[in-house]
Amino acid sequence: LCYRHPPKSWACFQWLRPSIESGAEKHSGGSLSTAPEKPSIEHKELEIEPSIPENTPSIPKTEIQLPIITKADPPLSNHNAKADLDRKAMPPPPPPFQKQLPLRNPQAPVPTFTVGNGSANNDGQEEDDEEPSAPSFPAMNSAQRAAGGVSGPPRLNAYPQSSPGLMAPPTRSPLPNRGPPGGSSSLSSSLAPPPTHTSIPAKPRRKVLLTPGHSPLDWARLSSSPTANLRGLPADTPYIRVPPSLLKQYTGRKGKDAWTVLGGKVYNISPYVPYHPGGGPELLKAAGRDGTKLFGEVHPWVNWEGMLEPCLVGIVVEEGDKRGESTLDDMD
Ligand code: HEM
């Protein structure tokens with residue numbers, strides 16, 4: 001302000017100038033005995049004026065015009081008139097600082113933006129020199145922009161008007177869709193995991209509902225009991241050699257136990273039938289014959305040796321092997 005309007009050009013000084021000049025004349029007259037009426041003001045003014053450099057850029061005096069008093073204006077008087085003149089001579093105060101968004105259409109005070117016409121500018125130039133660029137949200141490479149679903153600023157209403165880019169409101173039914181995974185509505189269930197997160201197994205799992213007291217834990221408890229006789233043979237019976245003809249007799253029918261062969265060892269699987277997670281019938285498919293291949297096709301990860309150790313009957317031998325009863329020590 002002082003740069004553009006130096007004190008030299010202030011209107012109040014214009015008003016004071018006649019008195020200053022007259023004061024100067026008094027001083028130049030050399031009458032030291034005559035005391036000025038306003039010595040402090042006049043001397044101050046006389047000191048200020050020479051301190052302003054002559055080459056200071058200033059508005060020419062012709063530009064500083066006192067307001068022309070027309071007939072319509074009320075008559076100015078004394079202090080109020082001077083204050084008015086001073087106020088009019090001063091430039092208007094700057095507006096309060098605020099960042100102005102470039103609004104192209106004054107009819108629409110809320111900024112809106114559209115996607116898809118390629119007008120978005122992202123080269124980092126000044127905003128004032130460019131067209132109004134798209135807002136920074138959502139991001140330029142976001143899925144929202146790619147889907148074309150952005151047509152305006154975020155809305156607070158839950159269900160906006162139907163628009164081709166917006167998701168339709170969910171259809172609600174009186175009961176939640178919580179059917180079993182294997183039910184008829186499993187494909188359309190909203191609780192079903194998305195197909196990309198799980199791989200559909202080649203074979204559906206065939207676990208059965210075990211009767212109470214026949215969980216795997218119950219079997220572990222039973223099989224670890226030293227008093228339980230799970231072999232189906234009289235106590236203290238040594239391990240026996242089992243030819244195929246003998247194995248065939250133990251199919252689990254006609255009141256006999258079910259034996260099977262896993263890895264060359266013969267097991268009595270009858271006690272395990274109610275504990276088998278795949279169901280009794282499935283287990284009994286291996287009864288009376290070698291079930292090693294069958295077992296490996298279904299669950300090769302199962303530790304059958306540890307689970308069926310107390311059910312071990314003996315070993316399988318060739319037909320016609322007449323070496324009689326033998327123990328596992330003989331096999332080793
Ligand atoms: C003979 C000794 C066997 C033992 C000790 C045994 C043990 C088991 C065990 C522990 C499971 C649960 C596996 C798991 O949860 O991952 C199971 C499941 C099953 N087992 Fe066996 N099993 C035997 C024989 C067999 C045989 C011979 C068959 C079929 C012919 C069979 C068919 C099944 C089936 C279909 C399942 C259900 C698999 C699934 O959950 O998808 N098992 N068995």
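Ser215 is partly exposed, with a relative accessible area of 28%. Here buried means under 20% relative accessible area, exposed means over 50%, and partly exposed lies in between, with a 1.4 Å probe and protein chains only. This is a predicted model, so local features need pLDDT of at least 70 and side-chain atom pairs count only at pLDDT 80 or more, while totals for chains, interfaces and linings use all residues. Residues are numbered from 1 along each chain as its sequence is written, and side-chain values use heavy atoms, with hydrogens and water left out.

**Overall build**

The protein has 10 helices and 5 strands. Both are DSSP runs numbered from the N terminus: helices are H or I with at least four residues, strands are E with at least two. Of the 332 residues, 20% are buried. A contact means heavy atoms within 4.5 Å. Among contacts with a separation of 6 or more, 63% join residues 24 or more positions apart. The protein exposes about 25,700 Å², and carbon and sulfur atoms supply 58% of that area. Accessible areas come from the Shrake-Rupley method with a 1.4 Å probe; for residues, only the protein chains shown count as cover.

**Four residues**

| Residue | Place | Relative accessible area |
|---|---|---|
| Asp86 | helix α3 (residues 78–89) | 30% |
| Ser215 | loop between α4 (143–146) and α5 | 28% |
| Asp236 | loop between α5 and β1 (240–242) | 79% |
| Lys254 | loop between α6 (244–248) and β2 | 85% |

Asp86 is partly exposed. Leaving out residues up to four places away in sequence, Asp86 touches Ala11 and Cys12. The C-alpha atoms of Asp86 and Trp10 are 8.0 Å apart, across 76 residues of chain.

With the same kind of neighbours within four places set aside, Ser215 is in contact with Leu210 and Tyr275. Its C-alpha atom lies 8.9 Å from that of Pro274, 59 residues apart along the chain.

Asp236 and Lys254 are a matter of backbone. Most residues other than glycine have a negative phi. Asp236 has a positive phi, near 65 degrees. Lys254 also has a positive phi, near 55 degrees. Asp236 is exposed, and Lys254 counts as exposed.

**Nonpolar cores**

A nonpolar core is a set of buried Ala, Val, Leu, Ile, Met, Phe, Trp, Tyr and Cys residues joined through side-chain atoms within 4.5 Å. The largest has 15 residues. Trp219, Leu262, Tyr267, Ile269, Tyr272, Leu308 and Cys311 have the most contacts inside it. Ile269 touches Ala258, Thr260, Leu283, Ala287 and Leu308, not counting residues up to four places away in sequence. A second, separate core of 9 residues includes Leu233, Val242, Trp259 and Val261.

**Largest pocket**

The largest pocket holds about 950 Å³ of space. On a 1 Å grid over the protein atoms alone, a pocket is an open set of points where a 1.4 Å probe fits, with protein on both sides within 12 Å along at least five of seven lines; lining residues have an atom within 4 Å of a point. Its volume is the space filled by probe spheres set on the points, which are joined across faces, edges and corners.

Of the 30 lining residues, His276, Gly278, Val298, His299 and Val302 are the closest to the pocket centre. Elements supplying at least two lining residues each are α5 (216–223), β2 (259–262), α7 (280–284), α8 (292–298) and α9 (304–307). Helix α8 gives the most, with 4 residues.
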